[in-house]
Amino acid sequence: MTAASPLRGRRRRVPGPVRPGEVETAMAESPSGDLVPPTGLLLVAHRDGRPAGCAGLRLRPDWAELTRVFVHPTHRGHGGGAALLAGAERHARASGADRIRLDTRADLVEARALYARHGYHEIPAYNDDGYAEHWFEKVLRELTPGARRAK
């Protein structure tokens, strides 16, 4: 089920495979400079001592947004995506978030399956990202001892 975005104003992505220059355009339209403390973080997964993937986490009041999730094709199928999700969830909980949200494209079938396997469920659009076609959320379990609540 695809959640249709009620939000308007941003250019919508044309469905299908990524076109040349599309990733660069999307990155320029949605910079990641906030993926640093205190507003967020960028996790980097390593395999055999080399970077193999990443995941960004934007901290919002009471929730966090998962973004920029990527595992290099040569490292897929070895649990890197699951490890990045677990790390992002751990950091979100420690920051006081009670849920994580994310958006993704329809053609990223494996990513959507990964999110579903790890307890994320589709929700209505929460942003107006022109490249998003599916929106997900996961309610996090109780906060870890000593975690603070986001303001």
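Me: Two rings of Phe, Tyr or Trp, the last taken by its six-membered ring, form an aromatic pair if their centres lie within 6.5 Å. How many aromatic pairs does the structure hold?

Reply: The model is predicted, and the structure holds three such pairs. In one of them, Y115 and F136, the ring centres are 5.9 Å apart and the planes stand at 55 degrees, so the pair is tilted. Y115 belongs to helix α3 and F136 to strand β6, so this pair ties together parts of the chain that are 21 residues apart in sequence.

Me: How is the geometry of such a pair described in general, and are Y115 and F136 buried or exposed?

Reply: A pair of aromatic rings is described by the distance between the centres and the angle between the planes. As for accessibility, Y115 is buried, with a relative accessible area of 5%, and F136 is buried as well, at 4%. Ring pairs also link Y115, Y120 and F136 into a cluster.

Me: Which charged residue lies over the face of W63?

Reply: That residue is R101, at 4.9 Å from the ring centre of W63.

Me: I turn to the nonpolar cores. How many residues has the largest one, and which of them have the most contacts inside it?

Reply: The general idea is that, in soluble globular proteins, nonpolar side chains tend to be buried together. Here the largest nonpolar core has 20 residues, and those with the most contacts inside it are L57, L66, A92, I100, Y115 and Y120. Two or more residues each are given to this core by β1, β2, β3 (63-71), α2, β4 (99-104) and α3 (109-117). Helix α2 supplies the largest share, four residues.

Me: Which residues are in contact with A92, leaving aside its neighbours within four places in sequence?

Reply: With those neighbours left aside, A92 is in contact with L57, A64, A97, I100 and L140. Apart from the largest core lies another one, of six residues, among them W63, A125, A132 and W135.

Me: How should salt bridges be read, and to what number does their count come?

Reply: Side chains of opposite charge can pair when their charged atoms come close. The cut-off applied here is 4 Å between a side-chain nitrogen of Lys or Arg and a carboxyl oxygen of Asp or Glu, and by this rule the count is eight salt bridges. One of them joins the side chains of D34 and R58, with 2.7 Å from N to O. D34 is in the loop between α1 (22-29) and β1 (40-47), while R58 is in strand β2 (residues 50-60), so the pair ties together parts 24 residues apart in sequence.

Me: Are D34 and R58 buried, partly exposed or exposed?

Reply: D34 is partly exposed, at 27% relative accessibility, whereas R58 is buried, at 7%. A further salt bridge joins R60 and E65, with 3.1 Å from N to O. In that pair R60 is partly exposed, at 31%, and E65 is buried, at 8%.

Me: What can be said of the salt bridge between E89 and K138?

Reply: The N to O distance between the side chains of E89 and K138 is 3.1 Å. This pair links distant parts of the chain, with E89 in helix α2 (residues 80-94) and K138 in strand β6 (residues 134-139), 49 residues apart. Both partners fall under the 20% cut-off for buried residues: E89 is buried at 7% relative accessibility and K138 is buried at 16%. Elsewhere, salt bridges that share partners join D34, R58, R60 and E65 into one network.

Me: Which residues are in contact with K138, again leaving aside neighbours within four places in sequence?

Reply: They are E89, D98, R99, I100, H118, G119 and Y120.

Me: Finally, I ask about the backbone. Which residues does a cis peptide bond join, and where does the positive phi of D48 fall?

Reply: In general, most residues other than glycine have a negative phi, and most peptide bonds are trans. In this model a cis peptide bond joins P37 and P38, with omega at about 5 degrees, and P38 lies in the loop between α1 and β1. The phi of D48 is near 55 degrees. D48 is in the loop between β1 and β2 and is exposed, with a relative accessible area of 71%. R68 also has a positive phi, near 55 degrees; R68 is in strand β3 and counts as partly exposed, at 23% relative accessibility.

Notes: Residues are numbered from 1 along each chain as its sequence is written. This is a predicted model: local features need pLDDT of at least 70, side-chain atom pairs count only at pLDDT 80 or more; totals for chains, interfaces and linings use all residues. Side-chain values use heavy atoms; hydrogens and water are left out. Buried means under 20% relative accessible area, exposed over 50%, partly exposed in between (1.4 Å probe, protein chains only). A nonpolar core is a set of buried Ala, Val, Leu, Ile, Met, Phe, Trp, Tyr and Cys residues joined through side-chain atoms within 4.5 Å. Contact means heavy atoms within 4.5 Å. Rings of Phe, Tyr and Trp (its six-membered ring) pair if their centres lie within 6.5 Å; planes under 30 degrees apart count as stacked, over 60 as edge-to-face and the rest as tilted. A charge sits over a ring if NZ of Lys or CZ of Arg is within 6 Å of the ring centre and within 35 degrees of the ring normal.
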